[in-house]
Amino acid sequence: MTEEVLAHESLPASRPSAGETRGPVAPGDASARFLVVLDVDSTLIENEVIEMLADAAGSHALVAGITERAMSGEIDFAESLRERVATLAGLPDSVFEEVRAAVEVTRGVPEMIAGLHASGSLVGVVSGGFHEILDPLAESLGLDFWRANRLGVADGVLTGSVSGPIVDPQSKADALTEWAASAGVPLSRTVAVGDGANDLRMMEIAGLSVAFDARPVVRTSADLALNDRDLSALLPLLGLRG
């Protein structure tokens, strides 16, 4: 049964390949207090990046419909991503800069990250979205780990395909497990935060799962639910101060 929380209803490395983990924490570092792993679209940020790209391609209505079905668990995520990305074929890669400029970070994110870091904890995100948008954002926020998909680009134009393996629900769970092991954090001290069906596997293996303004399928599966879109509300759930 989900508990409702109604009050608050890098390294300078080379360019990462698709699905690659980036961040400053290496295997063998001292154990952190907690590892918190969040979804990105509609969790860390207010936007759905694939829909922002689809706006530029003129395919927003189609893409938004597929996104909602995927996040509600009605269709396979990987196949839904391929279908949505296919509608982006022909966009100039200058669209990345336009979308990055329009991304809105969710309220409370800087405070959440600062509070976690002050406690000796680590923060990562794993996204069904794209490195092209996520990388500069993750660096600016000071995230410890991040992983996402990468879009195919040739001659300055999007090809309508995903380059490399797709970050699907199992990939999200694998990322949480790998990051916890690399930082010496037992799974009992991991926290998974998400809003859609593609987050459920990582939420199942985490020590604590938090549904953030989530779809019903996630709310009924999570340990806790935050209904207000303020991620700093995560801190008191962990006994931490902002």
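The exercises below, each with a worked solution, concern a predicted model.

Residues are numbered from 1 along each chain as its sequence is written, and side-chain values use heavy atoms, with hydrogens and water left out. Because the model is predicted, local features need pLDDT of at least 70 and side-chain atom pairs count only at pLDDT 80 or more, while totals for chains, interfaces and linings use all residues.

**Exercise 1.** Determine how the axes of helix α2 and helix α3 cross, and which residues make the contact.

Solution. Helices here are DSSP runs of H or I with at least four residues, and strands are runs of E with at least two, numbered from the N terminus. Helix α2 covers residues 60-71 and helix α3 residues 77-86, and their axes come within 10 Å and cross at roughly 170 degrees. Axes are lines fitted to C-alpha atoms, for helices over the stretch in contact, with angles running from 0 to 180 degrees between N-to-C directions. Angles under 35 degrees count as roughly parallel, over 145 as roughly antiparallel, 65 to 115 as roughly perpendicular and the rest as oblique, so α2 is roughly antiparallel to α3. Taking contact as heavy atoms within 4.5 Å, α2 contributes Val63, Ile66, Thr67, Ala70 and Met71, whereas α3 contributes Phe77, Ser80, Glu83 and Arg84. These residues divide into five nonpolar, two polar and two charged, where Ala, Val, Leu, Ile, Met, Phe, Trp, Tyr, Cys and Pro count as nonpolar, Asp, Glu, Lys and Arg as charged, and the others, Gly among them, as polar.

**Exercise 2.** Classify the ring arrangement of Phe145 and Trp179, and place both residues in the chain.

Solution. Rings of Phe, Tyr and Trp (its six-membered ring) pair if their centres lie within 6.5 Å, and planes under 30 degrees apart count as stacked, over 60 as edge-to-face and the rest as tilted. The structure holds one aromatic pair; because the ring centres of Phe145 and Trp179 are 5.1 Å apart and the planes stand at 10 degrees, the pair is stacked. Phe145 belongs to strand β4 (residues 145-149) and Trp179 to helix α7 (residues 169-183), so that the pair links distant parts of the chain, 34 residues apart. On the scale where buried means under 20% relative accessible area, exposed over 50% and partly exposed in between (1.4 Å probe, protein chains only), Phe145 is buried at 2%, and Trp179 is buried at 2%.

**Exercise 3.** Describe the surroundings of Asp230, including the polar contacts of its side chain.

Solution. Asp230 sits in the loop between β9 (224-226) and α10 (234-237), and with 11% relative accessibility Asp230 counts as buried. A polar contact is a pair of N or O atoms within 3.5 Å; within protein, one must be able to donate a hydrogen and the other to accept it, and residues adjacent in sequence count only if both atoms are side-chain atoms. The side chain of Asp230 makes such contacts with the side chain of Arg107 at 3.4 Å and with that of Ser232 at 2.7 Å. With neighbours within four places in sequence left aside, Asp230 is in contact with Arg107, Gly108 and Phe212.

**Exercise 4.** For Ser42 and Asp155, state the phi value, then decide whether each residue is buried or exposed.

Solution. Ser42, in the loop between β2 (35-38) and α1 (49-57), has a positive phi near 65 degrees although it is a residue other than glycine, and Ser42 is buried at 14% relative accessible area. Asp155, in the loop between β5 (151-154) and β6, is not a glycine either and has a positive phi of about 55 degrees, but Asp155 is exposed at 83%.
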